[in-house]
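Colleague: I'd love a close look at one part of this model. Could you walk me through it in plain terms?

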Amino acid sequence: MFAYKPKPQPEHKPKHIPKPLLCLPQHLSSLDQIKQTHARIIVLGLTRHGKLLAHLLASLALSHSPPPLPYSLAVFRSFDFPSVFATNNLIRCFTRSDSPRQSLALYSSLLLRKFAAKPNNHTFTFVLQACAKALAGSEGAQVHAHVVKLGFGGDVFIRNALISFYYGCFGLECSRRVFDEYVRVRDLVTWNTMLACFVRDGQIGAAEKMFDEMPERDVVSWSTMLTGYVQNGCLEEALECFWGVRETGLRPNEAILVSVLSASAQLGLLEHGKLVHSLVDSMNFPITASLGTSLIDMYAKCGCIEQSKLLFDNMPRKDIWAWNVMISGLAMHGLAKEALKLFEKFIDKGFSPANVTFVGVLNACSRAGLVREGRHYFKLMTENYGIQAEMEHYGCMVDLLSRAGFVDEAVELIENMKISPDPVLWATLLGACKIHGHIELGEKIGNKLIQLDPNHGGHYVQLSSVYAKARKWEEVIRVRRLMSERNTNKAIGWSLIEAQGKVHKFVAGDKDHERVTEIYKMLELIGTLVAKTGYSPNISSVLHDIGEEEKETMIREHSERLAIAFGLLVTGVGDCIRVVKNLRVCVDCHEVTKIISKVFEREIIVRDGSRFHHFKEGKCSCRDFW
DNA sequence: ATAGGGTTAG
């Protein structure tokens with residue numbers, strides 16, 4: 001079989017090409033602009049001008065949103081003899097589409113010389129990208145063979161594309177082999193590509209090592225490392241990395257700013273987040289939709305919901321993420337009515353909600369105990385919008401229903417789930433059994449959970465709380481003993497507070513802080529003033545097998561008490577104390593914090609493991625429902 | 001005339 005090779009015909013060359021038609025591909029970024037230019041080309045009778053059409057294809061390949069394939073193909077078909085440049089650009093259009101495999105067909109037609117062109121060095125970088133996206137491993141390996149056969153084996157661009165391709169289709173070891181193969185054919189991008197492979201593989205230690213060994217680092221190296229830290233949950237390292245970027249004097253890019261804001265948000269470090277915000281302003285960095293959304297998210301998660309609202313209201317072009325983040329932010333602050341109102345506005349604006357939108361909406365309902373609304377939106381999601389309920393949606397619903405007392409309905413929901421339920425759902429239900437005193441069901445669930453994960457200390461604690469609620473003390477002791485015999489993992493509670501440019505982290509009974517004496521004196525003062533109000537501690541949440549007095553000491557030294565005591569030392573009347581806690585607050589700490597807010601005249605904002613509590617003048621924004 | 005690396009957020 002031999003390939004069909006048409007005879008090239010002389011290109012029709014018009015004498016004069018109007019200037020606006022010759023703008024660079026990246027200047028035509030929207031499809032509308034491209035189509036307008038195309039129309040002018042047709043009207044002016046320049047359709048046989050290959051260079052213009054090739055330009056048009058290049059614009060399509062680079063356009064802002066992925067170009068529609070029928071249109072790209074139509075442009076390509078209007079060539080008599082598409083050049084390799086035009087073909088390369090069509091390959092890129094295919095790669096950006098939903099069917100990147102079509103790039104491969106086009107490439108093989110290049111190999112068969114169906115057109116006058118033959119593949120060049122550029123072609124391979126594009127085709128390898130397509131293989132990576134289409135997960136076409138064996139095809140990509142064949143392309144690799146062609147690369148070697150046709151003498152492109154030493155092209156650094158192609159080698160870099162090969163590293164990405166092998167990672168995507170064959171894993172880290174294979175991409176590593178390509179990286180190691182030609183030690184001399186490496187540039188900064190080669191190192192960055194390999195670095196990204198380690199990050200994507202979750203091997204953050206190996207990534208760090210590579211980052212340190214790199215001969216040089218640019219802003220992409222830093223942003224790869226920083227986003228890697230955030231994605232792998234190494235939040236403190238991410239902050240350090242950000243200050244590393246600052247030291248180099250490099251101008252951060254958007255990914256760096258968004259990621260460091262995400263780390264600040266997750267840690268709840270308002271002062272840090274504010275510092276990043278002020279840097280963004282002082283750099284005159286453009287506030288894009290994603291950067292704006294990150295700021296809204298950061299302020300919400302750091303307790304400044306008012307600031308989030310302000311930024312949201314003044315945001316010129318809000319995309320769906322801005323709305324999602326704002327709705328979730330309101331939800332975690334317990335502002336359910338506002339969150340639902342915003343959701344309705346979102347719908348009125350013609351946006352279509354995503355599954356994360358409903359996580360925010362359902363969360364709002366569950367935080368505020370809006371059972372009727374929760375049922376409505378859950379139904380709306382699945383029936384009107386055809387969104388499959390995911391684990392998080394079920395989590396919200398189970399929490400909402402069971403905490404509001406509809407335990408049977410929650411059980412029914414779990415039993416009828418289309419996906420297999422996460423043990424977290426049962427654990428949620430167990431918590432509700434404790435609140436509502438459903439001893440038998442709680443016992444059943446608790447034992448099941450312990451059987452499922454015998455090392456999880458939390459399940460034992462919950463089950464013993466269920467027994468304690470029923471005053472079955474022997475059972476409490478039995479479960480406690482089982483727990484200590486099995487040496488289960490205990491989630492260590494901590495609380496942190498920012499002051500004087502530093503993060504102060506406390507665990508229960510902590511004695512490590514430099515102002516430990518003052519802090520414990522403050523705790524005593526709190527104890528005295530609280531006792532004066534007539535409050536006596538609720539010890540049901542502390543179920544250690546020890547005497548009453550010791551129990552009281554234990555709660556009095558819970559990590560958030562220490563953080564708040566320290567907060568009282570470094571603030572004045574009328575100031576705000578912000579505490580971040582990893583676990584949920586206990587009933588007693590919640591009561592005492594209310595009293596502190598009144599007696600010491602402070603606003604106290606606590607972010608616990610599931611939501612925000614705003615304590616002011618003796619009341620909490622959660623209205624004791626959490 | 002075209003290239004390659006990082007695309008976050010509940």
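What distance separates a base oxygen of DNA strand B from an N or O atom in the side chain of glutamate 254?

Modeller: Happy to! The model is predicted, so local features need pLDDT of at least 70 and side-chain atom pairs count only at pLDDT 80 or more, while totals for chains, interfaces and linings use all residues. Residues are numbered from 1 along each chain as its sequence is written, chains are lettered from A and ligands numbered from 1 in the order in which they are written, and side-chain values use heavy atoms, leaving out hydrogens and water.

Now to your glutamate. An N or O atom in the side chain of glutamate 254 lies 3.5 Å from a base oxygen of DNA strand B. That is a polar contact, meaning here a pair of N or O atoms within 3.5 Å. Serine 290 also reaches a base oxygen of the strand, with an N or O atom of its side chain at 3.4 Å. For threonine 224, the partner on DNA strand B is a sugar or linking oxygen, 3.3 Å from a polar side-chain atom.

Stepping back, 40 residues surround DNA strand B, each with a heavy atom within 4 Å of it. Asn160, Asn192, Val258, Asp297 and Lys301 come nearest. By type, the surface near the strand has 17 polar, 14 nonpolar and 9 charged residues. Here Ala, Val, Leu, Ile, Met, Phe, Trp, Tyr, Cys and Pro count as nonpolar, Asp, Glu, Lys and Arg as charged, and the others, Gly among them, as polar. On the DNA side, sugar or phosphate supplies 35% of the strand B atoms within 4 Å of the protein, and bases supply the rest.

Methods
Polar contact = N/O pair within 3.5 Å; in protein donor to acceptor, adjacent residues only side chain to side chain.
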